[in-house]
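This report examines how the interior of the model is built, how one of its strands is enclosed, and where its charged side chains pair. The sequence and structure are shown first.

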Amino acid sequence: MEFYLFHIITFLMLVVVGTNGATLPPQLYWKSMLPNTPMPKAITNLLHPAEYWTEGKSTWVDASKCSINLLNYKHAASEIQLHDKSNLALFFLENDLHHGKKLNMLFTKTTSNNNVAKFLPKEVADSIPFSSNKMENILHKFSIKKGTKEYEIVKNTINDCEEKGIKGEEKLCVTSLESMVDFAISKLGKNVEVVSTEVKKESNELQQYVIGKGVKKLGDKNKTIVCHKENYPYVVFYCHKTDTTKVSVPLEGVDGSRVKAVAVCHTDTSQWNPKHLAFQVLKVQPGIVPVCHFLPLDDHVVWVSK
């Protein structure tokens, strides 16, 4: 699925760069706000090269193939999700997180493509409507027609972003790197670590992985933010903070290759939809045992307070 950014975005970027010389590129904004926090590859892969800002280049973006609905805890599983073996392998129990455990998983690189969607500067992203009340305006800006797949993607993403979170969840869809940084700092402070799943060798097939030595826990369970990349004409992340989430980072041993994966364990699932995919896969009830899932793509980001 491809979206195309039209001249309106290029024009807006030129206006921003040309009229506000003090505006920092996203990567410099990160450094100014988080000087002691390295930027993970999942973020750097979504940044434009430095020359972009002076040449005003336009680009086309490729929508992510991952559906946020898998990790939306208010939604019941669809028939398609129940029959997708890669989705079924996504969830597991906390006691499975130990050396030697074998899991069938699919890890793919989504940000290695040079044509993948890139972050827009905050000034540009903020100037583009992002609301169900402005749908006609959005469709016009991107030349999207009603009834098309592109229309359904845009509508579903905005609906996900506007939907009220579950009890105890603080959520925000961020449309720029600067907005993501600001949201994380407002919830966690500046003493943070930012991690993502790193795929050393891409595979397009579901295969067996063995958890290697080096499983470790990161951060405090009450201080974690997870950001999932949404399907949209430009980069949008669905970020949410919950008081019942803890993060661990296992080293994955793959058949001939290796993945440094990030796993998130939810200790309280009592507010989840009873028909959520996780419960149907694991054969457990809401609120009984912790439910874990890997962040299988390298465009999901976890922020933890040190």
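## Nonpolar cores

In this predicted model, the largest nonpolar core comprises 38 residues, of which Phe 91, Met 105, Phe 107, Phe 294 and Val 302 touch the most other members. Several elements each supply at least two residues of this core, among them strands E3 (91-93), E4 (102-105), E8 (207-211) and E12 (245-249). Strands E15 (263-266), E16 (291-294) and E17 (300-305) do likewise, as does helix H11 (277-282). The greatest contribution comes from H11, with 4 residues.

A second, separate core holds 26 residues, including Ala 42, Ile 185, Val 192 and Val 301. In soluble globular proteins, nonpolar side chains tend to be buried together.

## Strand E11 and its partners

Strand E11 spans residues 237-242, and 6 of its 6 residues are buried, so the strand is largely enclosed by the rest of the structure. In a regular strand the side chains alternate between the two faces of the sheet. Both faces of E11 are covered: one side carries Phe 237, Cys 239 and Lys 241, the other Tyr 238, His 240 and Thr 242, all of them buried.

E11 pairs with strand E5 (residues 169-174) in an antiparallel arrangement through 6 bridges; here Val 174 has Phe 237 of E11 as its bridge partner. Strand E10 (residues 224-229) also runs antiparallel to E11, with 5 bridges between them. Cys 227 is the bridge partner of Cys 239 in E11.

## The buried face of helix H2

Helix H2 covers residues 26-33, and its buried residues are Pro 26, Gln 27, Tyr 29 and Trp 30. Viewed down the axis of H2, these buried residues fall within an arc of 160°, so they line one face of the helix.

## Surroundings of Ser 196

Ser 196 lies in the loop between strand E6 (192-195) and strand E7 (198-199). Is this loop residue buried or exposed? Ser 196 has a relative accessible area of 5% and counts as buried, because the cut-off for burial is under 20%. Apart from neighbours within four places in sequence, Ser 196 contacts Pro 40, Lys 41, Ala 42, Lys 260, Val 262 and His 300.

## Salt bridges

The whole structure contains 6 salt bridges. One of them joins Asp 126 to Lys 122, with the closest N and O atoms 2.6 Å apart. Both residues belong to helix H7 (residues 122-127) and are 4 residues apart, about one turn of the helix. Asp 126 is partly exposed at 44% relative accessible area, and Lys 122 is partly exposed at 27%. Within helix H9 (residues 149-162), Lys 155 and Glu 152 are 3 residues apart, again about one turn; their salt bridge has its closest N and O atoms 3.4 Å apart. An α-helix has 3.6 residues a turn, so residues three or four places apart point the same way.

A further salt bridge links the side chains of Glu 170 and Lys 187, at 2.6 Å from N to O. Glu 170 lies in strand E5 and Lys 187 in helix H10 (residues 177-188), so this pair ties together parts that are 17 residues apart in sequence. Glu 170 is partly exposed, with a relative accessible area of 31%, and Lys 187 is also partly exposed, at 31%. Glu 170 and Lys 187 form a network of salt bridges with Lys 241, one of the buried residues of E11.

How values were computed:
Residues numbered from 1 in each chain as written. Predicted model: local features only at pLDDT ≥ 70, side-chain atom pairs only at ≥ 80, totals over all residues. Heavy atoms only, no water. Buried < 20%, exposed > 50% of the residue type's maximum accessible area, 1.4 Å probe, protein only. Contact = heavy atoms within 4.5 Å. Arc of directions from axis to C-beta. Core = buried A, V, L, I, M, F, W, Y, C linked by side-chain atoms within 4.5 Å. Pairing = 2+ DSSP bridges. Salt bridge = Lys/Arg side-chain N within 4 Å of Asp/Glu carboxyl O.
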